[in-house]
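User: Please take a close look at the empty space in this model, with the second largest pocket as the main subject. What is its lining made of, by class?

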Amino acid sequence: MFPAAPTPRPELPPAREAAGSHRTEPAAQPPATTEGATASPPKAGGRNAFFDNAKYLAIVLVAMGHSWEPLTDGSRAAEALYMTVYTFHMPAFIIISGYFSRSFDMRKDRLQRLVTGVVVPYVLFETAYAFFKRWADDDPGHPISLLDPWFLTWFLIALFIWRLTTPLWKVVRWPIPLAVAIAVLASVSPDIGDDLDLQRVLQFLPFFVLGLSLRPEHFARVQRRAVRIASVPIFACALVMAYWAAPRMTSAWFYHRDSAQELGTTWWIGAMMTLALLGCSIVLVACFYSWVPTRRTWFTTLGAGTLYGYLLHGFLAKGSRFWGWFDDYAWLHTPLGEITVTLLAAVIVTALCTPPVRKVFRFAMEPTMSWAFRKDPAETARGREHATA
């Protein structure tokens, strides 16, 4: 399905690797020893269709999850769907982010793209969200704080921290167990606080480190027919368990933004819950990946714009709460209304991933900013030599 010895293209902007664009490696060959694995997916312009498809489907689930949140108080079924999707949609994103961060190091050009592709969008959208809340929620005192990410921007600051630590994860002997230990310790440490959303950064860390450790053949294995068939009863069991758990536990566990003590339980229950949720997330992510098409589809090109859909749909997701749409229209809480909201969320986030939208907002998501960085003296010298030759 994928090349046996990947070397991700280093020249990609970090944000596009994480939730927008990526490229496949040259000379792809399907693994010869993976029984039942699909063939190498088609490539368009050097891109791997599987990852674009996975990111698009994941961002649709993110938007759907946000549309279900106001419905969960009055619908146990909506709460069950919400919990199930929240178990795996962000982990699926984060694993892919880690996979395409494997070549990151402290080289100048990569640090430069980390700034333009992650830091700049974070600053712009954190500020934009703050002004939006002041206006839409009639909250003029809402602070503009780059140290306390609001709503969706936590992912950008988390990606910035994770990617900076990538060289460290490459040298430790057991990166995944170490990342899991850090996540568990974070989940029982209420003193970490809210700065930079460090609880989420640390509790979601194992998924990023897992992505760093994966190889193409691992994705091929979850694409086997046996895994695809097994995923159906697994998802069914997950929905049944979520339906049972809906009135018995808070969905805040799935956000990974609070410690166990802040959720009103003991440290040892928090540690067990963190490990259990990590395990459930990995299983459901594998099931999700097993159904992602490896061929080029009508939505493959939209996978390059998922960061756009992710950040832009947040204004509408929050605005619908601020403006009381779910309170004013009672029919939205009926089965027909819930289906309508779900489909509408999918359509809106799809539209926000399209090339015209990306063209309009590229200045904020993928700025070049060559004026902000020093030129490499070696490159300048080579340019002079070339000019005088």
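Analyst: In this predicted model, the lining of the second largest pocket consists of 17 nonpolar and two polar residues, with no charged residues. The space in this pocket comes to about 430 Å³. It is lined by 19 residues, and those closest to its centre are Met241, Met249, Phe254, Leu277 and Cys280. Three helices each give two or more residues to this lining: α3, α11 (225-245) and α12 (267-290).

The largest pocket has a volume of about 500 Å³. Its lining has 28 residues, of which Phe151, Trp154, Arg200, Tyr255 and Arg257 lie closest to the centre. Two or more lining residues come from each of α2 (49-68), α3 (76-99), α8 (198-203) and α13 (306-322). Helix α3 is thus named for the largest pocket and also for the second largest. By class, the lining of the largest pocket holds 15 nonpolar, four polar and nine charged residues, whereas the second largest pocket has no charged residues in its lining.

Closed space is also present: the whole structure contains four cavities of 30 Å³ or more. The second largest cavity holds about 40 Å³. Its lining includes Ser187, Gln203, Ala252, Trp253 and His256, along with Arg257, Asp258, Ser259, Ala260, Leu263 and Thr274. Those residues divide into four nonpolar, five polar and two charged. Arg257 lines this cavity and is also among the residues closest to the centre of the largest pocket.

Methods
Residues numbered from 1 in each chain as written. Predicted model: local features only at pLDDT ≥ 70, side-chain atom pairs only at ≥ 80, totals over all residues. Heavy atoms only, no water. 1 Å grid on protein atoms, 1.4 Å probe; cavity = no way out; pocket = protein on both sides within 12 Å on 5 of 7 lines; lining within 4 Å. Points joined across faces, edges and corners; volume = space filled by probe spheres on them. Helix = DSSP H or I, 4+ residues; strand = E, 2+ residues; numbered from the N terminus. Nonpolar A, V, L, I, M, F, W, Y, C, P; charged D, E, K, R; others polar.
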